[in-house]
Amino acid sequence: RGSPKSACEKRQLPALVRMFAAFTGTAEKEDGSKDEGWLSRAVNKVSRGVDNISNAASSVSARTASLLDFRSGATDVICLRSERDDEGGAGFIGCTSFNVHVGRDIKSSLSDETVDVYVNGKQTGMRMEIGEGHNCFFPGGGLKPSREQLGRLELKEGQNLLEFQVSSAPNSRFSAALWVWGTSQALVVCDID
């Protein structure tokens, strides 16, 4: 036995439960069948859409994937120091190539941009130009600085920090190692495929 207020609440409660279920999930109809709510249907559609995008992205060809690579990077460089300090060579025989790639994440347009070269945290005065495919080269098209330029760098024996930065983007710095070895140092070369 209840008050008229409680009887009214009892009749409204199933209607409120059905309305809530219709918005958020599965509700049971009066005939016993299930009715999926609009929110539940929307979540399922979004979930299927995300799965479709994920499947499409995983099937992207290797060539297309390379076009989506936005990273910058450089390979390590090895410099050989001469046992004698000859004129013009500043004590260096030569070095391996400066293979530098500036990613598209740095700036949307890289035309007419240059890359500053730093060694051990100091600007060297050397600059590289950004060419086709965002690969960098020294003025004149080469991938190696001259022996004179190497001689002006304050390099120490062993490992040096080599950094590159797009001139107009100060937060674009990325690095590699620059190794200085003597001509009499032993070297083990290992090719791992």
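# Salt bridges and sheet layout

R81 has a relative accessibility of 22% and therefore counts as partly exposed, since the buried class ends under 20%. The model described here is predicted. R81 is one partner in a salt bridge with E157, and the structure holds four such bridges. Secondary structure in the protein amounts to four helices and 11 strands. Seven strands form an open sheet with mixed pairing.

**Overall figures**

- The protein has 193 residues, of which 24% count as buried.
- About 13,300 Å² of the protein is exposed, and carbon and sulfur atoms supply 53% of that area.
- For contacts between residues at least 6 apart in sequence, 53% join residues that are at least 24 apart.

**Salt bridge R81–E157**

- The side chains of R81 and E157 meet at 2.7 Å, N to O.
- This pair links distant parts of the chain, with the two positions 76 residues apart in sequence numbering. R81 belongs to strand β4 (residues 77-81), while E157 sits in the loop between α4 (147-152) and β10 (158-166).
- E157 is partly exposed, because its relative accessibility is 47% and the exposed class starts over 50%.

**Salt bridge D116–R127**

- D116 and R127 form a salt bridge through their side chains, at 2.5 Å from N to O.
- D116 is in strand β7 (residues 114-119) and R127 is in strand β8 (residues 122-130), so this bridge ties together parts 11 residues apart in sequence.
- D116 is buried, with a relative accessible area of 4%. R127, in contrast, is partly exposed at 41%.
- Side chains of opposite charge can pair when their charged atoms come close.

**Salt bridge K122–E154**

- The side chains of K122 and E154 meet in a salt bridge of 3.1 Å, N to O.
- This pair, too, links distant parts of the chain: K122 lies in strand β8, and E154 lies in the loop between α4 and β10. The two residues are 32 apart.
- E154 counts as exposed, because its relative accessibility of 60% is over the 50% limit.

**Sheet order and edges**

- The strand order across the open sheet is β5-β4-β11-β10-β7-β8-β9.
- Its edge strands are β5 (92-95) and β9 (136-137), and each of them pairs on one side only.
- Strands of a sheet pair through backbone hydrogen bonds, either parallel or antiparallel.

**Strand pairs within the sheet**

- β4 pairs with strand β11 (residues 174-182) in the parallel sense, over five bridges. L80 stands opposite W181 in β11.
- β10 and β11 are paired in the antiparallel sense over seven bridges. E163 has S175, in β11, as its bridge partner.
- β7 and β8 run antiparallel and are joined by five bridges. V115 stands opposite M128 in β8.

**Where the two topics meet**

- The strands β7 and β8 are joined by five bridges, and the D116–R127 salt bridge also spans this pair of strands.
- Strand β4, which holds R81, pairs with β11 in the sheet.
- Strand β8 holds K122, whose salt-bridge partner E154 is in the loop between α4 and β10. E157 is also placed in the loop between α4 and β10.

Terms used
Residues are numbered from 1 along each chain as its sequence is written. This is a predicted model: local features need pLDDT of at least 70, side-chain atom pairs count only at pLDDT 80 or more; totals for chains, interfaces and linings use all residues. Side-chain values use heavy atoms; hydrogens and water are left out. Buried means under 20% relative accessible area, exposed over 50%, partly exposed in between (1.4 Å probe, protein chains only). Two strands pair if DSSP finds at least two bridges between them. Contact means heavy atoms within 4.5 Å. Accessible areas come from the Shrake-Rupley method with a 1.4 Å probe; for residues, only the protein chains shown count as cover.
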